[in-house]
Amino acid sequence: METNNARLSTLIKIARYPVNFIPKAYRQSSVLHSLSKWFLVGLLIRVIFMPFAFHGDLISTYPRSYLLVFDGYLRYGNPHESFQALTLWIFSHVIPIQELLVWSGSVTVPDSFMLSVLKNTYIFRTVFLLKLPYLFFDILICLLLLYIFQTEVENGLRAFKFWILNPIIIFAVYIFGRYEVIPIFFILLCIYLLKENHLYFAAISLGIAIWSRYYALLFLPLFLIFYCRSWMEKVKIVAITVIPLLMYNAITYYYSGTSASMDFASSQFIDNLLGMNFEIGWIQTLYIFVIAYSFILLYVYYRKKGKNPLGDFTAYSLIVLLLMYATSIFHPQYFAWFIPFLAVFYGYTHDYSLIQLHCLQVVCFAFFTFYWQQALATLMFASIHPALIIPLPSLLHLIDHLYPGLTLLNIVRSVFSAVLLFMIAKIVLIQRSDPT
Amino acid sequence: MEPELKPLATGIIIFVAILGVYAMIVISAPMIVQDRSNQSVGEIFGSKVIGQSFVATENGINRIDVKLATYNRMNTGNVIFYLREADSTEDSVMITVQAKQIHDNAFHAFRFSPIPESKKKSYVFSIQSPGSAPGNAITLWYETDDVYPGGTALVNNTPIQGDLCFKAYSNASKLDVSFFIQKFFKDTVFALSYIVLLVAIVFGIIWLQLREKSG
C-alpha cells in the first residue's frame, strides 16, 4: 500500500513538474486549473489538425533545412530554418522522413512530387512531426505571455486564453503549417525583456526576429522612440539589433560569396508594402503604407509619452501591422503576426470591443483565403483522401455560380480593410483615454 | 460564453459551414460525368433506339441524366427510357415520360430504385420514342469523339464511335471514411500513439472540468 502511494505521489510530482515553469502567481489552485484546462483545449485543437492538414509550403521550406543540416548549406541558416533543421536531425535517426523532403525544385514543390507526398504511407506521421517545433515555440509563447503579466493574473489569463484559442494561429501554424510562431516568439521575448528593462537583450531578440522575418524591422523605430532617451542610446540599440543579421550575412558571404539578405530591397515583402500607391504626375509615386507608417512614427514621437512604454510599444506595433494588412497584399499566414500584440493589448485593456472586431476579422479573413482557391482550402486536407479531395472545386468557383466571385471577394476585402482601420482608431482612442 | 472563446467559436462555425458545403458537393456528385457534346443524334421516332453502354463505379446506381433536345418546339409523343445489364436481354428499368415535359438542350433525370450490386458491372441505357414522327420528335446530344472510355454510344444496339452526353449517379455514400481509416492505420505506431495522445488530452480536460465544478 505504501509503495503504491509512493508511486502515485511520484506520478503526481512528474505531472506537476511543468508547473515549475510558470510564474508563481499562476500556481494558485483555481488559476492553475483554469490555465491547464484552456491549455489542453487549445492543445487538443492543435493536435487534431497537426497530422491531417498542411500547405505545400511546409514541404517546400523543410528541404532548405534539410540542405542546411545534411549538406551544410549555411545560406539556409535563418532561425526558423535552423530550428527546422534541428527537428530533422533529431527525427532522422528514428523515422523515415527525409525521403519526403528530397526533391529537385528550388522554390515551389512540383505537383508530381506533391502527389507522391500525399500518397505516402507516412504522411500523417511526417506532417505531425514537422509541426512539432512550431508547437514547442507555441508553448514557449504561452509561457512568455504569462511572464509578461507576471503579477497581473487576470490580465495574463485573458491574454493566454486569447492566444491559445485563437483561430488565426491555429490556421496559420497547424492547418497551413507555417513557422510564424518562431519570429513571433522572439518578438514576444523582446517585449518581455523590455518589461524587465533589459534593453540590449531585447534588441538582440528583436534582431533575431528580423533575421527570421523582415517585418519585425517595422518595430525597431518604435523601440527607439519609446525606450531610448539619447541619440547615443538609439545608435547602440540599432547596432545591437542588426548584429544577428550582419553576422549571418557575413558568414554566408564568407562561405558562398553572396549575402543571404541581398534580395531584401527587391523582395516580394517590400513590393507588397508599396503595392497601394498612386502617381501624382511626372515620374513621382506616393506609397500609401509609407505615408501612413511615417505619420504614425511622427505621431508617437511628438505625442506626450505615457507612463507605460510597454503598452505604447505594443499598441503602436499592433497599429503598424493592422495598417499593413489594410493597405497591402499579404499572404494569409502573415495574419498571425498581429495576434501576440493583440493578446497583450487585450490583456492590458480588457476592451471587449476588440474581441468583437477580431471576430469580424476572422470572418473576413476566411473569405480572404478564398483568393488562393483550392490551395488554401481543399488541397490542405488532400492527404486524407487525395482522389476525393483534389478534384473538388474552389469556393471562389462555387460563388461564381451565384455572383461574380472575384467581385464579392474584393467587396469583402474592402470591408476587411475597414475593420482593420477601425481597430486602429479604437486602439488610438483607448491609448488616449487610458495611457497606462 | 467567455469573450476569449468567441473568435474560436467564429472560426469553428466558418470551418463547419465550409465543410458542409463540400460534404454536399461530394454527396451529390455523379459517379460518371460525360458532359461533352458536339452534335445531335437526329430525331428519335419509330423503331430507332439510341443507347449508351457504361460501367458503374459504385453500388446503388439510382439515376441517369441524359442531355436531350426538343428542336425548340413542343413535341407530343412519349419517350421511353430503358436500363439493362449489358449481357442481359431483360430490362431492369423502364421509365416513360411525355415529350412535352422535356426541356430543350438540358439534362433530363431518369430516377429509379437503387440497383444494389451495380459496382463494376456493365450497363446499357437506351431511349426510344415509337409514337413520335419526323417533325414531332426529340433528340439526344452526342460527342463524336470517344471521350468516355468505359463504354460507347449505340444506334439500334450497334456500337458507333463516340458517346452520348450523360451522367450516372448512385446512392453509395461518397463520404466513405474506410479509405482514410485504412491509410491512417497503415502507420500503426503513429496511429496508436496519436489516438493515445488525443484520449489523454480529452481525459485531462474532463478531469479538470470536474475538479473545477467540484470547487
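**Entry 1: two loop residues of chain B**

I began with B:Asn156, which sits in the loop between strand E10 (153–155) and E11 of chain B. The model I am reading is a predicted one. The phi of B:Asn156 is positive, about 50°, although the residue is not a glycine. I then asked whether B:Asn156 is buried or exposed. It has 12 C-beta neighbours inside 10 Å, and a residue with 12 or fewer is taken as exposed, so B:Asn156 counts as exposed.

I turned next to B:Lys120, found in the loop between strand E7 (106–115) and E8 of chain B. Its phi is near 70°, again a positive value in a residue other than glycine. I recorded 10 other C-beta atoms within 10 Å of B:Lys120, which is therefore exposed.

**Entry 2: the sheet of chain B**

I followed the strands on either side of these loops into a sheet. I noted that 6 strands of chain B form an open sheet, in the order E6-E5-E8-E3-E10-E11, with antiparallel pairing. Which strands lie at the edges? They are strand E6 (91–98) and strand E11 (158–160) of chain B, each of which pairs on one side only. From one strand to the next, the twist averages 25°. I reminded myself that strands of a sheet pair through backbone hydrogen bonds, in either a parallel or an antiparallel manner.

I examined strand E8 (residues 122–128) of chain B in more detail. Of its 7 residues, 6 are buried, so E8(B) is largely enclosed by the rest of the structure. I looked up its pairing with strand E3 (residues 49–55) of chain B and found 7 bridges in the antiparallel sense. Within this pairing, B:Val49 has B:Gln128 in E8(B) as its bridge partner. I also looked up strand E5 (residues 78–85) of chain B, which runs antiparallel to E8(B) and is joined to it by 6 bridges. Here the partner of B:Tyr82 in E8(B) is B:Ser126.

**Entry 3: B:Asn62**

I located B:Asn62 in strand E4 (residues 61–69) of chain B. With 18 other C-beta atoms within 10 Å, B:Asn62 is partly exposed. Which residues does B:Asn62 contact, leaving aside its neighbours within four places in sequence? I listed B:Arg111, B:Phe112, B:Ser113, B:Pro114, B:Tyr169, B:Ser170 and B:Asn171. I also looked up B:Ile12: it is 50 residues from B:Asn62 in sequence, and the two are 35 Å apart in space, C-alpha to C-alpha.

**Entry 4: where chain B touches chain A**

I asked how many residues each chain gives to the contact. Chain B gives 31 residues and chain A gives 34 residues. On the side of chain B, the elements that give two or more residues are helix H1 (6–28), helix H2 (178–186) and helix H3 (188–213). H3(B) supplies the largest share of that side, 12 residues. Sorted by class, the side of chain B that touches chain A has 21 nonpolar, 4 polar and 6 charged residues.

**Entry 5: two helix pairs in chain A**

I looked first at helix H8 (residues 153–164) and helix H17 (residues 339–349) of chain A, whose axes come within 8 Å and cross at roughly 150°. Angles over 145 degrees count as roughly antiparallel, so H8(A) is roughly antiparallel to H17(A). The crossing of H8(A) with H17(A) is right-handed. From H8(A), the residues in contact are A:Asn155, A:Gly156, A:Arg158, A:Ala159, A:Phe162 and A:Trp163, and they meet A:Ile339, A:Pro340, A:Ala343, A:Val344, A:Tyr346, A:Gly347 and A:Tyr348 in H17(A). By class, this contact has 9 nonpolar, 3 polar and 1 charged residues.

I then looked at helix H3 (residues 56–71) and helix H4 (residues 79–92) of chain A, which pack at an angle of about 70° with their axes 8 Å apart. An angle of 65 to 115 degrees counts as roughly perpendicular, and H3(A) and H4(A) are therefore roughly perpendicular to each other. I noted that A:Tyr62, A:Arg64, A:Ser65, A:Tyr66, A:Leu68 and A:Val69 in H3(A) meet A:Glu81, A:Ser82, A:Gln84, A:Ala85, A:Leu88 and A:Trp89 in H4(A). The contact of H3(A) with H4(A) has 7 nonpolar, 3 polar and 2 charged residues.

Definitions and conventions: Residues are numbered from 1 along each chain as its sequence is written. Chains are lettered from A and ligands numbered from 1 in the order in which they are written. This is a predicted model: local features need pLDDT of at least 70, side-chain atom pairs count only at pLDDT 80 or more; totals for chains, interfaces and linings use all residues. Axes are lines fitted to C-alpha atoms, for helices over the stretch in contact, and angles run from 0 to 180 degrees between N-to-C directions. Helices (H or I, at least four residues) and strands (E, at least two) are DSSP runs, numbered from the N terminus. Angles under 35 degrees count as roughly parallel, over 145 as roughly antiparallel, 65 to 115 as roughly perpendicular and the rest as oblique. A crossing is left-handed if the near helix is turned anticlockwise from the far one by less than a right angle, and right-handed if clockwise. Two residues are in contact if their C-beta atoms, placed from the backbone, lie within 7 Å. Ala, Val, Leu, Ile, Met, Phe, Trp, Tyr, Cys and Pro count as nonpolar, Asp, Glu, Lys and Arg as charged, and the others, Gly among them, as polar. A residue is buried if 20 or more other C-beta atoms lie within 10 Å of its own, exposed if 12 or fewer, and partly exposed in between; C-beta atoms are placed from the backbone. Two strands pair if DSSP finds at least two bridges between them.
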